[in-house]
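Please open the structure in your viewer and keep the selection panel at hand. The tour proceeds by selections, each followed by a short account of what is found there.

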Amino acid sequence: YGEAHRESGFDASSARHAKLIVLWGANILEARLGSELGARVAEAAKAGTPVIVIDPRRSATAAALGARWIGIKPGSDAALMLALLHEFYAGGGVNEARVAELSVGMEGLAAYVLGRVDGRPRDAAWAEAMTGVPAAITRQLAEAWMSARPTMLIPGYSIQRTRAGEESYRLSAALQLACGSFGMKGGSTGSINNRLPKPRV
């Protein structure tokens with residue numbers, strides 16, 4: 001999306017600007033995702049930024065940060081992400097003009113999650129059986145995500161270490177685009193493989 005915007009990821013030091021931090025399969029205090037990230041998220045949590053951990057197990061990270069833990073069945077991350085996208089679009093909070101400016105193909109994904117492609121909406125109830133996450137919890141998560149801009153989404157490597165795991169990584173970027181946090185200070189592009197910023201020594 002342009003030479004000036006070729007960098008991706010998040011700047012750990014901007015976690016203090018986030019209104020919500022979502023650690024999706026990212027156990028950042030036990031499995032290091034950069035030397036700075038754990039400390040910065042811990043600082044934000046201590047200052048009052050809500051942290052949500054989506055993970056099959058209640059990790060040491062969730063406990064140490066006082067995070068809200070949402071248990072999910074292993075390998076079902078894409079289904080929950082699709083359900084969240086459904087809630088974002090069905091709720092009418094997506095700035096579709098801005099999304100179109102920053103991406104290609106999101107209108108097709110929106111049509112898919114809303115059920116316009118095959119008559120099967122990928123809503124919270126649809127995802128519940130696959131993910132083990134109650135539909136009401138998915139709706140609450142979507143509401144918190146959309147009302148707390150910017151949200152910093154930090155996806156861990158674990159969500160792509162499954163069959164068709166690349167979909168979870170693509171959808172992590174789609175979530176950030178749809179919620180309006182993509183590229184904002186304290187937000188993220190949804191990618192963990194980041195180059196922001198260059199090392200400062």
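**A guided tour of the chain**

Select isoleucine 54: its bridge partner in strand 3 is isoleucine 70. Please bear in mind throughout that the model is predicted.

**The sheet**

Now select residues 51-55, which form strand 2. This strand pairs with strand 3 in the parallel sense, over four bridges. Extend the selection to the whole sheet, which is open and has four strands in the order 3-2-1-4, with parallel pairing. At its edges are strand 3 (68-71) and strand 4 (151-155), each of which pairs on one side only. Neighbouring strands here are turned against each other by 15 degrees on average, direction ignored. As a general point, the strands of a sheet pair through backbone hydrogen bonds, either parallel or antiparallel.

Next, select strand 1, residues 20-24, together with strand 4; the two run parallel and are joined by five bridges. Within this pairing, valine 22 has leucine 153 of strand 4 as its bridge partner.

**Strand 4 and the loop before it**

Keep strand 4 selected. Are its faces covered or uncovered? Both are covered: Thr151, Leu153 and Pro155 are buried on one side, and Met152 and Ile154 are buried on the other. Because five of the five residues of strand 4 are buried, the strand is largely enclosed by the rest of the structure.

Move to proline 150, in the loop between helix 7 (135-147) and strand 4. The peptide bond leading to proline 150 from arginine 149 is cis, with omega near 0 degrees. For comparison, most peptide bonds are trans, and most residues other than glycine have a negative phi.

**Helix 3**

Select residues 77-90, which make up helix 3. At 1.5 Å a residue, its 14 residues should span 20 Å, and this agrees with the 20 Å between its end C-alpha atoms. Of these 14 residues, 12 are buried, so the helix is largely enclosed by the rest of the structure. Among the buried residues are Asp77, Leu80, His86 and Tyr89. Just after helix 3, select glycine 92, which takes a positive phi of about 80 degrees.

**Where helix 3 meets helix 8**

Return to helix 3 and select alanine 78, which lies in it. Beyond residues up to four places away in sequence, alanine 78 touches Glu167, Ser168 and Leu171. Its C-alpha atom is separated by 8.8 Å from that of serine 172, which is 94 residues apart from it along the chain.

Then select serine 168, found in helix 8 (residues 166-179). Is serine 168 buried or exposed? Its relative accessibility is 3%, so serine 168 counts as buried. Apart from neighbours within four places in sequence, serine 168 is in contact with Asp77, Ala78, Met81 and Ile159.

**The whole chain**

Finally, display the full chain, whose secondary structure comes to eight helices and four strands. From the N terminus on, the elements run β-α-β-α-β-α-α-α-α-α-β-α. Of the 201 residues, 50% count as buried. Among contacts between residues at least 6 apart in sequence, 73% join residues at least 24 apart.

Colour the chain by pLDDT: the mean is 86, and 87% of the residues reach 70 or more. Over residues 1-6, pLDDT stays under 50. Where pLDDT is low, the predicted coordinates should not be read in detail.

Technical notes:
Residues numbered from 1 in each chain as written. Predicted model: local features only at pLDDT ≥ 70, side-chain atom pairs only at ≥ 80, totals over all residues. Heavy atoms only, no water. Pairing = 2+ DSSP bridges. Axes fitted to C-alpha atoms, helices over the stretch in contact; angles between N-to-C directions. Buried < 20%, exposed > 50% of the residue type's maximum accessible area, 1.4 Å probe, protein only. Expected span 1.5 Å × (residues − 1). Contact = heavy atoms within 4.5 Å. pLDDT = per-residue confidence, 0-100.
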